[in-house]
Amino acid sequence: MTKKPPAKMSIRDFKVFHGQEESLRGVTIEIPAHRILGIIGPSGSGKTTFLRALNRLNDLAPDTHIEGQVLLDEQDIYHPAFDVVSLRKRVGMLFALPVALPMNVFENVVYGPRLSGVRNRKRLDEIVERSLKAAFLWDEVKDRLSMSGLRLSGGQQQRLCLARVLAMEELEVILLDEPCSGLDPISTAKIEEALTILKSKYTIILVTNNTKQAARVADDTAFFLMGEMVEHGHTDKIFTTPDDKRTNDYVTGRFG
Amino acid sequence: MRIPPKYTQALAVTILGAATAFTVVVLVFIIVFVLSKGLPGINFEFLFTAPKDMGRAGGIFPTLVGTVLLPLLAIAIALPLGVGTAVYLTEYTRENRLTRVLRFGTDCLAGIPSIIFGLFGFIFFVVMLKMGWCLLSGGLTLAIMVLPTIIRTSEEAIRAVPNSYREVSFSLGATRWETVLKVVLPNALPGIVTGVMLGIGRSIGETAAVIFTAGSALRMPVSAFDSVRTMSVHFYILAREGISNEKAYATAAVLIISVLLVNLAAYGMMHRFMAKRAR
């Protein structure tokens, strides 16, 4: 056994309730830094609920409450003293459908930094170039930064959204909620390539409906089913010799 | 027996077409009628000189000024209040009994005849607060009158902003207020402008509430505590007292043209704003 790297996020017996319904039933998992954690499972298994709990986007839904703990660098993000705004700057989210805000490419990317008070034009320019390069979009849009983000293609919009997340200078963790579900294979490959490079700097949690995608890019994989985390381990192990029969059934395509 | 689809289709087109044609013809007739009677009376002197002999001769300049100032004042008061209320109801509260009661209340308020607002304004602002018949009393009364319209149209516009925009904004570390300011309001703007236009239209055309609160003095207003007469009121008095039909029609024509210009200006501004965002 090699020594385990320190956990970036620790989730302890974490439950989410929507009204009376328990959408997430006591998940416990350590998420180490600088790795990609893939989360797989059929729809309705609680993957997205879990992901949205990690930057407290679930707070916005009415009638939702939680139990248990989510620690980011040993600090409980659900503690009343924990600042949600700063949490969301440290834990960024990429949604399933690309949502370019109805403003130009440049303003889309600097949305986060502007909120953090970056005013210096030169610094904003640098942020835009750095983020768009990291999202493999720079070459396609560098001459069209003042064009509306809505006029980009779906694949480009999703990379714009990634760049927008990467533009946040406080960013430590990237959450991705089926980021490639609506994209063509080439755009998907670009996002995946970006992720494998980005993990040296960030911690990445990738929810995906596509088990092959998890097998391709994730270092570790967790399998969710009906609001429970069935199994979690190295991706190789989950896909070749899982402990649980249900995991085996899912990754071999027998259900889900 | 079923009527063959070919005929029902033709019937539908005929009926709907007739309804549209009727509406358009009536509207065009009114406008053409007023303009044809009024346009000959409009000239530079009519627009920019004061009326003489109760409006029997001379121009309408003070009422033109009144027509600009009064709605402007009303909107200046109602816009922040209305949009603020709409933002509060949509973004800061969850749907509950209170919001439903408030919404029902604004809907009822929107349907109240303007003379009731006028009476309220008269009793409250003019008499109780001893403000007298003046621009300010009238502006406040009209503001209350158009407030429900502005609240409801703004609310609809804000509700129509996709929730995904809000989620993205929050996920990038924006507070609720920053999200409202940077994402919600800019995208709701066309709807809000529509509400404001309706409000301006109502204020410009209002007579009952204005006579009760702003009075009908024909002098040029020099302060917010001066009585003013708007074109609508002027038109009403000219026609009702039988002072001058010719001047009444000319005033009505100016009124129609100004409403048209206000609408054109607003749509022009909105188009430029939208084009800037969509480039």
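**Exercise 1. Place strand S3 of chain A among its neighbours.**

Task: Starting from the residue that stands opposite A:Ile36 in S8(A), work out which strands are joined to S3(A) and in which direction they run.

Solution. In this predicted model, the residue that stands opposite A:Ile36 in S8(A) is A:Ile204. That pair belongs to the contact between S3(A) and strand S8, residues 203-207 of chain A, where 4 bridges join two strands that run parallel. The next step is to look at strand S9, residues 220-225 of chain A, which is also joined to S3(A) by 4 bridges and also runs parallel to it. Here A:Ile40 of S3(A) has A:Phe223 as its bridge partner in S9(A).

The side chains can then be sorted by direction: A:Ile36, A:Gly38 and A:Ile40 point one way from S3(A), while A:Leu37 and A:Ile39 point the other way, and all are buried. Because 5 of the 5 residues of strand S3 (36-40) are buried, the strand is largely enclosed by the rest of the structure.

**Exercise 2. Follow the chain from S9 into S10.**

Task: Determine how many bridges join S9(A) to strand S10 of chain A, and which residue of their hairpin takes a positive phi.

Solution. Strand S10 covers residues 228-234 of chain A, and 6 bridges join it to S9(A), the two strands running antiparallel. One pair that can be located on the model is A:Thr221, which stands opposite A:Gly233 in S10(A). The hairpin leaves 2 residues between the strands, and A:Met226 takes a positive phi near 50 degrees there.

**Exercise 3. Order the strands of an open sheet.**

Task: Give the order of the 4 strands in the open sheet of chain A and identify the edge strands.

Solution. The order is S2-S1-S4-S5 in chain A, with antiparallel pairing. The edge strands are S2 (21-32) and S5 (75-76) of chain A, each of which pairs on one side only. Within the sheet, strand S1 (residues 7-18) and strand S4 (residues 64-72) of chain A run antiparallel and are joined by 8 bridges. A:Ser10 can serve as a landmark, since its place is opposite A:Leu71 in S4(A).

**Exercise 4. Examine a proline in a loop and an isoleucine in the core.**

Task: Decide whether A:Pro98 is buried or exposed, and then find which residues A:Ile174 touches beyond its sequence neighbours.

Solution. A:Pro98 is found in the loop between strand S6 (91-94) and helix H3 (105-109) of chain A. The count for A:Pro98 is 24 other C-beta atoms within 10 Å, and the cut-off for a buried residue is 20 or more, so A:Pro98 is buried. Leaving aside neighbours within four places in sequence, A:Pro98 is in contact with A:Gly154, A:Gln157, A:Gln158 and A:Cys161. The C-alpha atom of A:Pro98 is also separated by 8.8 Å from that of A:Gln156, although the two residues are 58 residues apart along the chain.

For the second part, the largest nonpolar core has 135 residues, and A:Ile174 is one of those that touch the most other members, together with residues including A:Ile39 and A:Leu94. Helix H6 (residues 135-159) of chain B gives the most to this core, with 13 residues. Not counting residues up to four places away in sequence, A:Ile174 touches A:Gly92, A:Leu94, A:Val165, A:Leu198, A:Tyr202 and A:Ile204.

**Exercise 5. Describe chain B and the side that touches chain A.**

Task: Summarise the elements and domains of chain B, and state which helix gives the most to the side that touches chain A.

Solution. Chain B has 11 helices and 2 strands, and of its 279 residues 37% count as buried. The chain is divided into domain 1 (5-41) and domain 2 (44-278), whose centres, taken over C-alpha atoms, are separated by 29 Å. Between these domains of chain B, 7 residues of domain 1 are in contact with 8 residues of domain 2.

Turning to the other chain, 17 residues of chain B are in contact with 23 residues of chain A. Helices H7 (163-171), H8 (176-205) and H11 (245-278) of chain B are the elements that give two or more residues to this side, and H7(B) gives the most, with 6 residues. By class, the residues on this side of chain B divide into 7 nonpolar, 5 polar and 5 charged.

As a check on confidence, chain B averages a pLDDT of 90, with 98% of the residues scoring at least 70, and the predictor gives the complex an ipTM of 0.90 and a pTM of 0.84.

Methods. Residues are numbered from 1 along each chain as its sequence is written. Chains are lettered from A and ligands numbered from 1 in the order in which they are written. This is a predicted model: local features need pLDDT of at least 70, side-chain atom pairs count only at pLDDT 80 or more; totals for chains, interfaces and linings use all residues. A residue is buried if 20 or more other C-beta atoms lie within 10 Å of its own, exposed if 12 or fewer, and partly exposed in between; C-beta atoms are placed from the backbone. A nonpolar core is a set of buried Ala, Val, Leu, Ile, Met, Phe, Trp, Tyr and Cys residues joined through C-beta atoms within 7 Å. Two residues are in contact if their C-beta atoms, placed from the backbone, lie within 7 Å. Ala, Val, Leu, Ile, Met, Phe, Trp, Tyr, Cys and Pro count as nonpolar, Asp, Glu, Lys and Arg as charged, and the others, Gly among them, as polar. Two strands pair if DSSP finds at least two bridges between them. Domain bounds come from an automatic or database domain assignment. pLDDT is the predictor's confidence in each residue, from 0 to 100.
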